[in-house]
Amino acid sequence: MADCIFCKIANGDIPSATLYEDGQFRVILDLGPASRGHALILPKEHYANIYEIPEELAGSAMILAKKMASVMTTALECTGFNLVQNNGQAAGQTVFHFHIHLIPRYDNDGVKLGWKMGELTDADKEEILSKIKKGIR
């Protein structure tokens with residue numbers, strides 16, 4: 001997409017601090033990091049979100065995320081790691097180009113990723129199970 005900032009970065013039209021690159025992806029340091037070493041996996045082709053990206057490419061992105069997390073954990077000596085992938089404005093997506101956040105975590109780093117735990121009622125459980133299982137078939 002001509003006006004997508006992540007397309008321009010992923011394809012080298014805009015300079016970035018690139019940690020890794022192959023024919024499908026570029027991994028860059030995030031300019032607004034949640035923690036030291038926060039990076040993004042960007043596919044070189046444009047897909048707005050997880051709903052658009054082909055399954056095979058999504059699988060390749062997760063394999064790359066695992067490899068990067070392992071290397072980054074050792075190199076940065078972090079004590080934990082978050083993979084974050086947002087879809088849609090309601091979920092916190094701000095750039096509508098599929099990407100995975102690689103967020104190294106350190107003891108007492110102050111990074112907040114979470115939610116207030118709710119309760120799964122029997123009625124909700126049955127309704128959700130019914131709807132999801134019907135959609136998977």
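**Entry 1. Terms and model**

I take exposed to mean over 50% relative accessible area, buried to mean under 20%, and partly exposed to mean anything in between. The model I am reading is predicted.

**Entry 2. The nonpolar surface patch**

I looked up L120 and found a relative accessible area of 57%, so L120 counts as exposed. I located L120 in the loop that runs between β5 (100-105) and α3 (122-136). I then asked which residues form a nonpolar patch on the surface with L120. I&#8203;128, I132 and I136 join L120 there, and together the four have about 430 Å² of accessible area.

**Entry 3. The sheet**

I traced an open sheet of 5 strands, ordered β1-β2-β3-β5-β4, with antiparallel pairing. I noted that β1 (18-21) and β4 (80-84) each have a single partner strand, so these edge strands are left without a neighbour on one side. On average, I find neighbouring strands of this sheet turned by 15 degrees against each other, direction ignored.

**Entry 4. Strand β5 and its partners**

I followed β5 to both of its pairings. With β3 (residues 39-43), β5 pairs in the antiparallel sense over 3 bridges. Within this pairing, A39 has L102 as its bridge partner, and L40 stands opposite H101. Towards β4, I recorded 5 bridges, again with the strands running antiparallel. On that side F81 stands opposite P104.

I next asked how many residues of β5 are buried. The entry is 6 of 6, and β5 is thus mostly covered. I recall that side chains in a regular strand alternate between the two faces of the sheet. In β5, I100, L102 and P104 lie on one side, while H101, I103 and R105 lie on the other, and all of them are buried. Both faces of this strand are therefore noted as covered.

**Entry 5. Salt bridges: the network**

I searched the whole structure and found 5 salt bridges. One of them joins the side chains of K44 and E21, at 2.7 Å from N to O. This pair links distant parts of the chain, since K44 lies in the loop between β3 and α2 (55-76), E21 lies in strand β1, and the two are 23 residues apart.

I asked whether K44 is buried or exposed. K44 is buried, its relative accessible area being 17%, which falls under the 20% cut-off. E21, at 40% relative accessibility, counts as partly exposed. I also noted that R26 belongs with E21 and K44 to a network of salt bridges.

**Entry 6. Salt bridges: helix α3**

I examined two salt bridges in helix α3. K125 and D122 form one, with their closest N and O atoms 3.8 Å apart. Because these residues are 3 positions apart in α3, about one helical turn separates K125 and D122. K125 is partly exposed at 33% relative accessible area, whereas D122 is exposed at 58%.

E127 and K131 form another, with 2.8 Å between the closest N and O atoms. Both residues lie in α3, 4 residues apart, or about one turn of the helix. I recorded E127 as partly exposed, at 40% relative accessibility, and K131 as exposed, with a relative accessible area of 55%.

Terms used
Residues numbered from 1 in each chain as written. Predicted model: local features only at pLDDT ≥ 70, side-chain atom pairs only at ≥ 80, totals over all residues. Heavy atoms only, no water. Patch = residues over 30% accessible without salt bridge, like charges linked within 9 Å, V, L, I, M, F, W, Y side chains within 5 Å. Areas by Shrake-Rupley, 256 points an atom, 1.4 Å probe, with all protein chains shown as cover. Buried < 20%, exposed > 50% of the residue type's maximum accessible area, 1.4 Å probe, protein only. Pairing = 2+ DSSP bridges. Axes fitted to C-alpha atoms, helices over the stretch in contact; angles between N-to-C directions.
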